[in-house]
Amino acid sequence: MKALVIKKPGEAVVESMAEPVASEDTLLLRVRMVGLCGSDLNSFRGKNPLVTFPRIPGHEVAATIVDGSKYNPALAAGTAVTLSPYTSCGKCASCLRERPNACQFNETLGVQRDGALTEYITIPAEKLYPANLTIKELCLVEPLTVGFHAVARGRVTAQDTVAVLGCGGVGLGSIAASHFCGAKTIAVDVDDAKLSLARKVGAGHTINTSKEPLRRSLLDLTDGLGPDVIIEAIGQPQTFRAAVEEVAFTGRVVYIGYAKELVAYETRLFVQKELDIMGSRNALPQDFRQVIRMLEERRFPVDDAVTSVLPILEAPDILRAWSDNPARFTKIMIHLD
Ligand SMILES: NC(=O)c1ccc[n+]([C@@H]2O[C@H](COP(=O)([O-])OP(=O)(O)OC[C@H]3O[C@@H](n4cnc5c(N)ncnc54)[C@H](O)[C@@H]3O)[C@@H](O)[C@H]2O)c1
Ligand SMILES: [Zn+2]
Ligand SMILES: [Zn+2]
């Protein structure tokens, strides 16, 4: 079978390798399409210390079950599925608290283990989510779950005003989830194209902070109070700080972004505003089920959210082009049919 292999930072090739064989605990899947995300780009650039080489990337997967489950009729041969690319150890503090999304010893497909950019993979049945979706939609489930999980962490309700900082793949998931909860949703970015996509996804208001002041615009939209919830989905020191500075008193701040440098804070605001400040990592099974429901109801502009769909043979070139010019692409998908 063909597989995309990152041999070393900056070098990806399509190679031929043996097909995997299902075991007692896993099912064999034929991969149909794989979405690329920022973490795959990081792997390609050699910027993720968790990645060793050679490594097969890819964890946003649409696949078809080859040999059905003996135990679960919902996982019959031929069923279209997406999957959760994480593992959980069952023993760490997160797992014991039934929060396996934040497992201390998580291994993500394509990061610590080989990923899905191959024609066939094997995977435990409990990681699979069958859904009545197109292959493109199946690939969008996992990236959207990350933003959905952050909205669940923020306990967002229809009474809330939520500002989402950053409208990349991750932020869009939070915008969709916040809108899905009935909250008034404000999208913040520096790129008008991203903001126009955010509106299609469900943002009622947008703020381009390269043209408008964030504080004034947020106060105008919230009767001078500030948003009840701010979700940070960028990962820069100034946006990490803006979240605690601009959120309402007694508001909630949820961080999804990974800051690449130290962030200095006026910690007085944590106390004075009596804030709930939370991290949000990966996603839980209920986030997968919610995203699938939203996509099955056709409430997400799938075609606007995907910029390119290419065959695996073109994957090495597109990785290079994306690495050279990240702003040119929103979401790249690789098909294996
Ligand atoms: N916690 C998790 O489980 C998890 C999972 C995946 C990704 N992440 C992190 O989430 C973050 C976002 O990921 P992504 O894939 O959506 O990234 P992305 O690069 O696609 O999106 C970032 C968005 O932020 C905008 N932006 C950049 N600087 C800005 C600024 N100063 N003000 C306003 N907008 C700005 C960009 O225009 C872009 O639209 C990253 O830090 C990533 O590492 C976290
Ligand atoms: Zn991803
Ligand atoms: Zn664990």
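Axes here are lines fitted to C-alpha atoms, for helices over the stretch in contact, and the angle between two N-to-C directions runs from 0 to 180 degrees. The model is predicted.

**Exercise 1. Describe how H4 packs against H5, and classify the pair by its angle.**

Solution.
- Step 1. H5 covers residues 192-201, and its axis comes within 9 Å of the axis of H4. The two axes cross at roughly 30 degrees.
- Step 2. Angles under 35 degrees count as roughly parallel. H4 and H5 are therefore roughly parallel to each other.
- Step 3. The crossing in which H4 passes H5 is right-handed.
- Step 4. On the H4 side the contact involves Leu172, Ile175, Ala176 and His179, which meet Leu197, Ala198 and Val201 of H5. By class these are six nonpolar residues, one polar and no charged.

**Exercise 2. Work out how H3 is oriented against H4, and list what makes the contact.**

Solution.
- Step 1. H3 spans residues 135-153 and H4 spans residues 169-180. Their axes lie 7 Å apart, at an angle of about 55 degrees.
- Step 2. This angle falls outside the ranges for roughly parallel, antiparallel and perpendicular pairs, so H3 and H4 are oblique to each other.
- Step 3. H3 passes H4 in a crossing that is right-handed.
- Step 4. H3 contributes Pro143, Leu144, Val146, Gly147, Phe148, Ala150 and Val151. From H4 come Gly169, Val170, Leu172, Gly173, Ser174, Ala176, Ala177, Ser178 and Phe180.
- Step 5. Sorted by class, the contact holds 11 nonpolar and five polar residues, with no charged ones.

**Exercise 3. Repeat the analysis for H3 and H9, and state how many charged residues the contact has.**

Solution.
- Step 1. H9 runs over residues 285-296, and its axis is 8 Å from that of H3, at an angle of about 120 degrees.
- Step 2. The range for roughly perpendicular pairs is 65 to 115 degrees, and roughly antiparallel applies over 145. H3 and H9 are therefore oblique to each other.
- Step 3. H3 and H9 make a right-handed crossing.
- Step 4. The H3 residues are Glu137, Val141, Glu142, Leu144, Thr145, Phe148, His149 and Ala152. They meet Asp287, Phe288, Gln290, Val291, Ile292, Met294 and Leu295 of H9.
- Step 5. The contact of H3 with H9 has three charged residues, besides nine nonpolar and three polar.

**Exercise 4. Identify the residues that come nearest to ligand 1, and give polar atom distances to it.**

Solution.
- Step 1. There are 21 residues around ligand 1, of which Val170, Asp189, Tyr258, Ser280 and Asn282 come nearest.
- Step 2. For Tyr258, a backbone N or O atom is 3.0 Å from an oxygen atom of the ligand.
- Step 3. Gly169 likewise places a backbone N or O atom 3.3 Å from an oxygen atom of ligand 1.
- Step 4. Gln236 uses a polar side-chain atom, 3.1 Å from a nitrogen atom of ligand 1.

**Exercise 5. Locate the cis peptide bond at Pro54 and the positive phi of Arg155.**

Solution.
- Step 1. The cis bond joins Phe53 and Pro54, with omega about -5 degrees. Pro54 sits in the loop between H1 (38-45) and strand E4 (60-65).
- Step 2. Arg155 is not a glycine, yet its phi is positive, about 50 degrees. Arg155 belongs to the loop between H3 and strand E8 (161-165).

Terms used
Residues numbered from 1 in each chain as written. Chains lettered and ligands numbered in written order. Predicted model: local features only at pLDDT ≥ 70, side-chain atom pairs only at ≥ 80, totals over all residues. Heavy atoms only, no water. Helix = DSSP H or I, 4+ residues; strand = E, 2+ residues; numbered from the N terminus. Left-handed = near helix turned anticlockwise from the far one by under 90°. Contact = heavy atoms within 4.5 Å. Nonpolar A, V, L, I, M, F, W, Y, C, P; charged D, E, K, R; others polar. Near = heavy atom within 4 Å. Polar contact = N/O pair within 3.5 Å; in protein donor to acceptor, adjacent residues only side chain to side chain.
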